[in-house]
Structures are given as C-alpha cells and as structure tokens.
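Hi,

Here is the structure I promised to pass on to you. Have a look at it first, and then read on for what I found in it.

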Amino acid sequence: MKTEFNLWEINRALLLEYFEHYSLDQLNKIPKGFNNNLIWNIGHVIVVQQALLYNSSNLSGYISDSLVNSYKPGTFPTGKTNQAEVDELKELLISLFEKTKTDYSNQVFNSFAPRKTLLGLNMDSVEDAIIFNNYHEALHLGALMAIKKFV
C-alpha cells in the first residue's frame, strides 16, 4: 500500500494548494455551467474518504455530522462557506490523511463491509477502498482544475 498512500499524499498536497492560491470568494464561486465550487469539491473528498474507509469498517471516523450533511454525495453548495469552515477543511485535508495512515498501520480497519460503488466496482477490503478513494479524489482534482479557470 506504500504506492497508494504516496499517491494519496500527493493528491492531498495538490488540493491543499487551492487554500493557498484562492480567496474565500473564489473558493465559494460557482461558475456558470457548474453545480459546485472549489470548496465543495474539497469538502466532498474529505467526507467520502471517511465514509469509504471508516463507515465501511463500522468505525465512526473523525468528522462531524454537519460536515457529512454538507458535503456527502448528492449534495451541492447551499450558501457561502465561511472562513472558519474553510480553515477546518484545510486542517482536515492533511490531518485525516495522517490519521488514516496511522489507523491503517495499527490495523484499526479489521472488518470491512463489502460494497459496490456507483460505478459498479466491488470493494471487498479496506485496501480496495483506499484504491477507489484515490480514483475518486483524482476525479475531483480534475473538477477543481476545470473550475479554477473560471473563478
């Protein structure tokens, strides 16, 4: 899993750069033709990662229900994300990666409920979920790259 964790860390570092290069207004802007914004995509990958690995392993994870409800699949931005929440997401982006890596090393994920993704991929283990998570985060990085051209 060394390669998977390396890839995940690289992706999270790329996502972190959006906090450094874009203002609060830019993070919140939904360009014409899009249904979400930069900050929603970042919040979404955080929430989905927690669900894919922790919820599927019957663990509670490390994020609030409020964040889950704002960024889970099927949601869209409903208003402007404030600076406090942006700061929280920025911190979670890296800290949750580190916590998950530690939890994996400590074999916290000792049970996993197999599931099928919306794409039809069977995930039978936490390792499958980590691989799928990297794919999912890369999709959203691509969305961020498209959105940034219009903010």
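The accessible surface of the chain adds up to about 8100 Å², and carbon and sulfur atoms account for 54% of it. Please keep in mind that this is a predicted model.

One spot on that surface may catch your eye: Leu-119, Tyr-135 and Leu-139 make up a nonpolar patch, and together they have about 320 Å² of accessible area. Tyr-135 sits in helix α6, which covers residues 126–147. Its relative accessibility is 41%, so Tyr-135 counts as partly exposed, the class between 20% and 50%.

Now to the overall fold. The chain has 6 helices and 2 strands, and starting from the N terminus the order of elements is α-α-α-α-α-β-β-α. With a radius of gyration of 15 Å, close to the 15 Å that the globule rule gives for 151 residues, the chain is as compact as a globular protein of that length. Along the principal axes, the C-alpha atoms fill a box of roughly 40 × 30 × 30 Å. Buried residues make up 40% of the 151 in the chain. As for contacts with a separation of 6 or more, 74% of them are between residues 24 or more positions apart.

Two polar residues in the interior deserve a look, and I would start with Arg-12. Arg-12 belongs to helix α1 (residues 2–21). Is Arg-12 buried or exposed? Its relative accessible area is 1%, and since buried means under 20%, Arg-12 is buried. Leaving aside residues up to four places away in sequence, Arg-12 touches Val-45, Ile-46, Gln-49, Leu-92, Leu-93, Ile-94, Phe-97 and Glu-137.

Gln-49, one of those contacts of Arg-12, is the other residue to look at. Gln-49 lies in helix α3 (residues 38–53), and with a relative accessible area of 0% it is buried as well. Which residues does Gln-49 touch, not counting those up to four places away in sequence? They are Trp-8, Arg-12, Tyr-54, Leu-96, Thr-100, Asn-133 and Glu-137. Glu-137 therefore turns up beside both residues, as a contact of Arg-12 and of Gln-49, and it falls within the range of helix α6, residues 126–147. Thr-100 is 51 residues from Gln-49 in sequence, yet their C-alpha atoms are 9.4 Å apart in space.

Do write back with whatever you notice yourself.

Best wishes

How values were computed
Residues are numbered from 1 along each chain as its sequence is written. This is a predicted model: local features need pLDDT of at least 70, side-chain atom pairs count only at pLDDT 80 or more; totals for chains, interfaces and linings use all residues. Side-chain values use heavy atoms; hydrogens and water are left out. Patches are made of residues with over 30% relative accessible area and no salt bridge: like charges are joined within 9 Å, nonpolar side chains (Val, Leu, Ile, Met, Phe, Trp, Tyr) within 5 Å. Accessible areas come from the Shrake-Rupley method with a 1.4 Å probe; for residues, only the protein chains shown count as cover. A salt bridge is a side-chain nitrogen of Lys or Arg within 4 Å of a carboxyl oxygen of Asp or Glu. Helices (H or I, at least four residues) and strands (E, at least two) are DSSP runs, numbered from the N terminus. Buried means under 20% relative accessible area, exposed over 50%, partly exposed in between (1.4 Å probe, protein chains only). The radius of gyration is taken over C-alpha atoms; the globule rule is 2.2 Å times the number of residues to the power 0.38. Contact means heavy atoms within 4.5 Å.
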